[in-house]
Amino acid sequence: MNKIPFNKSPVVGIEIDYIREAIDSKYLAGDGVFSRKCEATLENMTGTKKALLMPSCTAGLEICAMLVNIQPGDEVILPSFTFVSTANAFVLRGAKVIFVDVEADTMNISPSAIKAAITPRTKAIVVVHYAGVSCKMDEIMGIAATHNLFVIEDAAQAIGNSYKGKALGTIGHLGVFSFHETKNITSGGEGGALLINDETFIERAEIIREKGTNRKLFLRGNVDKYTWVDVGSSFLPSELQAAYLLAQLENKDKILQRRLELWKTYFEKLSILEKSSLVTLPIVPSYSSNNAHIFYLKCKDIEERTALISYLFERGVMAVFHYIPLHTSKCGLELGEFIGEDINTSIESQRLVRLPLFYELTNEEVSYVCENIIKFYDEIKNGRI
Ligand SMILES: *Cc1c(COP(=O)(O)O)cnc(C)c1O
């Protein structure tokens, strides 16, 4: 068996045709034909009021922090178990990040922990749909409404998924997708999208994204010249990225179907270990759909996980752990604070290991990974590890 990497960028085949078409059009800056087609596709797919392509999900989170007008001293509540960008975007605008616990079964932010962390300085809640699985959005939107807070969905991993039938990324005031090469769908390695669900943000988002100018209104003929009207930056990907993305969006069902097959195969083959209480397998609650973004299992503890990762590595399989909780990191300690009790975040994140899962992964490769995990637990049982 050849080495099995953790990830390979998905390629459906027609990307190169669209990229050539973009090059031949002699228009490669942002907001061209391909960008507009991608945005329309995202709007139809999710039902959001406005989708804007971004150079990354990180950039999307940064524009969210500007749109909800985060000021120094504001507090933003988010899970500690997440990628750094979820926190950085708000810290960059002067916020103090308030980390709260996740629930053990989904690794998603706990609504009761959010509630307990709210102060008069709280401005926003950022939820992360881990592994694409939905957070408990009814509870969270209810808490936000009671306290007049913004909700931003870090739906980086959640494209195509829904909560009680409503697309993730469209439930909060704002939502963001990632099209990084490790995600289900990519725009050529880097990219993202901002979903604007509260339409009062649309005009300002278009201005901030165009370096603080009203160029978009000018292009639409709404004003006769364009000028500097607000703070801003450059939040546009090029047409080459949009061309790659359009090819993937047009084939999203094919990609999703294959990922789901692989995810279910892992689940079925490894359920024997769960029945013997050796590992915990992921749970997808009935309120969430499954976009098969990550397949993980949880070992007994960090020692067992480290041993499993190196056992697989020696057999050519790249399995990897995930986030080191942000509240334990150097910057997290300086710029944030964990409020409430860390019941699950540290312990559960130390048990979690992600298995290779990508569009081109073969059934034989999945079988090989599973056989070796089962062998690992046999060797533990026989006292050889
Ligand atoms: C991947 C990811 C990001 C960052 O996405 P980029 O497109 O690489 O900026 C942010 N948050 C979460 C939860 C992610 O998984």
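Which domains does the domain assignment of the protein chain give? It gives domain 1 (15–250) and domain 2 (252–381), with bounds from an automatic or database assignment. This is a predicted model, where local features need pLDDT of at least 70, side-chain atom pairs count only at pLDDT 80 or more, and totals for chains, interfaces and linings use all residues. Residues are numbered from 1 along each chain as its sequence is written, and side-chain values use heavy atoms, without hydrogens and water.

**View 1. Domain 1 meets domain 2.** Contact joins 44 residues of domain 1 and 36 residues of domain 2 (heavy atoms within 4.5 Å). Taken over C-alpha atoms, the domain centres are 26 Å apart.

**View 2. Residues surround the ligand.** The shell has 15 residues (a heavy atom within 4 Å of the ligand). Thr58, Asp154, Gln157, Ser178 and Lys183 come nearest. Five shell residues are nonpolar, eight polar and two charged. Here Asp, Glu, Lys and Arg count as charged; Ala, Val, Leu, Ile, Met, Phe, Trp, Tyr, Cys and Pro as nonpolar; the others, Gly among them, as polar.

**View 3. Side chains meet ligand atoms.** In Thr58, a side-chain N or O atom is 2.5 Å from a ligand oxygen. In Asp154, a side-chain N or O atom is 2.8 Å from a ligand nitrogen. A polar side-chain atom of Lys183 lies 3.3 Å from a ligand oxygen.

Key: Polar contact = N/O pair within 3.5 Å; in protein donor to acceptor, adjacent residues only side chain to side chain.
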